[in-house]
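Q: I'm new to this one and would rather understand a single part well than skim the whole thing. Please pick one residue and walk me through its surroundings, then show me what else helps me get my bearings.

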Amino acid sequence: QVQLVESGGGLVQPGGSLRLSCAASGFTFSMYPMRWYRQAPGKERELVAVITSDGDMTTYADSVKGRFTISRDNAKNTVYLQMNSLKPEDTAVYYCNADLRTIPGRYNYWGQGTQVTVSS
């Protein structure tokens, strides 16, 4: 049973920081890249950040570059998203994602999401 469980969301003021966590289980975490997406009301789901299986390469959406940092701890089966200098436009539900479709019978998996609200 593949599970992705996000945590760490909440209400924060503009300019503040938040650290999201995604705990993974049910697959060999250290062998797969991990992704963070977000979705604001009325908008399409947006890819925010990607990290390779060993953490040696990362990719970010232009909208968060320089402010967000994706990282992972393979010993803890956890991927993180450190969010600094938060803006109201960062308000969204943030989702952890693992694409396991190279494994027969597996799918593209999503966590339940965690709400991030940036407002004064």
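A: First, a bit of vocabulary: a strand, written E, is a DSSP run of at least two residues, and strands are numbered from the N terminus. Keep in mind too that this is a predicted model.

With that in hand, let's go to Arg-38, which sits in strand E4, covering residues 34–39. Is this arginine buried or exposed? Buried means under 20% relative accessible area, and Arg-38 comes in at 6%, so it counts as buried.

So who does it meet in there? Leaving out residues up to four places away in sequence, Arg-38 touches a whole list of residues, including Glu-44, Arg-45, Val-48, Ser-63, Val-64 and Phe-68. Further along the chain, its contacts also include Glu-89, Asp-90, Ala-92, Val-93 and Tyr-94.

Some of those neighbours deserve a second look. Take Tyr-94: its side chain and that of Arg-38 make a polar contact of 2.9 Å. Asp-90 is another, with a side-chain polar contact to Arg-38 of 3.0 Å.

Now bring in charge. Side chains of opposite charge can pair when their charged atoms come close. Arg-38 and Asp-90 do meet in a salt bridge through their side chains, at 3.0 Å from N to O. Arg-38 lies in strand E4 and Asp-90 in the loop between strand E8 (78–83) and E9, so this pair ties together parts that are 52 residues apart in sequence. Asp-90 has 0% relative accessibility, so this partner is buried.

Glu-46 is also a salt-bridge partner of Arg-38, with their side chains at 2.9 Å from N to O. How accessible is Glu-46? Its relative accessibility is 28%, so it counts as partly exposed, whereas Arg-38 is buried.

Put those pairs together and you get a bigger picture: Arg-38, Glu-46, Arg-67 and Asp-90 are linked in a network of salt bridges. Across the whole structure, a search finds five salt bridges. One of them joins Arg-101 and Asp-99, whose closest N and O atoms are 2.9 Å apart. Arg-101 is exposed at 56% relative accessibility, and Asp-99 is partly exposed at 26%.

Asp-90 led us to the loop before E9, so let's carry on to a link of another kind. A disulfide is a covalent bond between the sulfur atoms of two cysteines. The structure holds one disulfide, and it is formed by Cys-22 and Cys-96, with their sulfur atoms 2.1 Å apart. Cys-22 lies in strand E3 (residues 18–25) and Cys-96 in strand E9 (residues 92–99), so the pair ties together parts that are 74 residues apart in sequence. Both Cys-22 and Cys-96 are buried. The torsion about their S-S bond is about -80°, so the disulfide is left-handed.

Finally, what does strand E3 belong to? It is part of an open sheet of four strands in the order E1-E3-E8-E7, with antiparallel pairing. At the edges are strand E1 (3–7) and strand E7 (68–73), each pairing on one side only. On average, neighbouring strands of this sheet are turned by 15° against each other, direction ignored. Zooming in on one pair, E1 and E3 run antiparallel over five bridges, and Gln-3 stands opposite Ser-25 in E3.

Terms used: Residues numbered from 1 in each chain as written. Predicted model: local features only at pLDDT ≥ 70, side-chain atom pairs only at ≥ 80, totals over all residues. Heavy atoms only, no water. Disulfide = S-S within 2.5 Å. Buried < 20%, exposed > 50% of the residue type's maximum accessible area, 1.4 Å probe, protein only. Polar contact = N/O pair within 3.5 Å; in protein donor to acceptor, adjacent residues only side chain to side chain. Contact = heavy atoms within 4.5 Å. Salt bridge = Lys/Arg side-chain N within 4 Å of Asp/Glu carboxyl O. Pairing = 2+ DSSP bridges. Axes fitted to C-alpha atoms, helices over the stretch in contact; angles between N-to-C directions.
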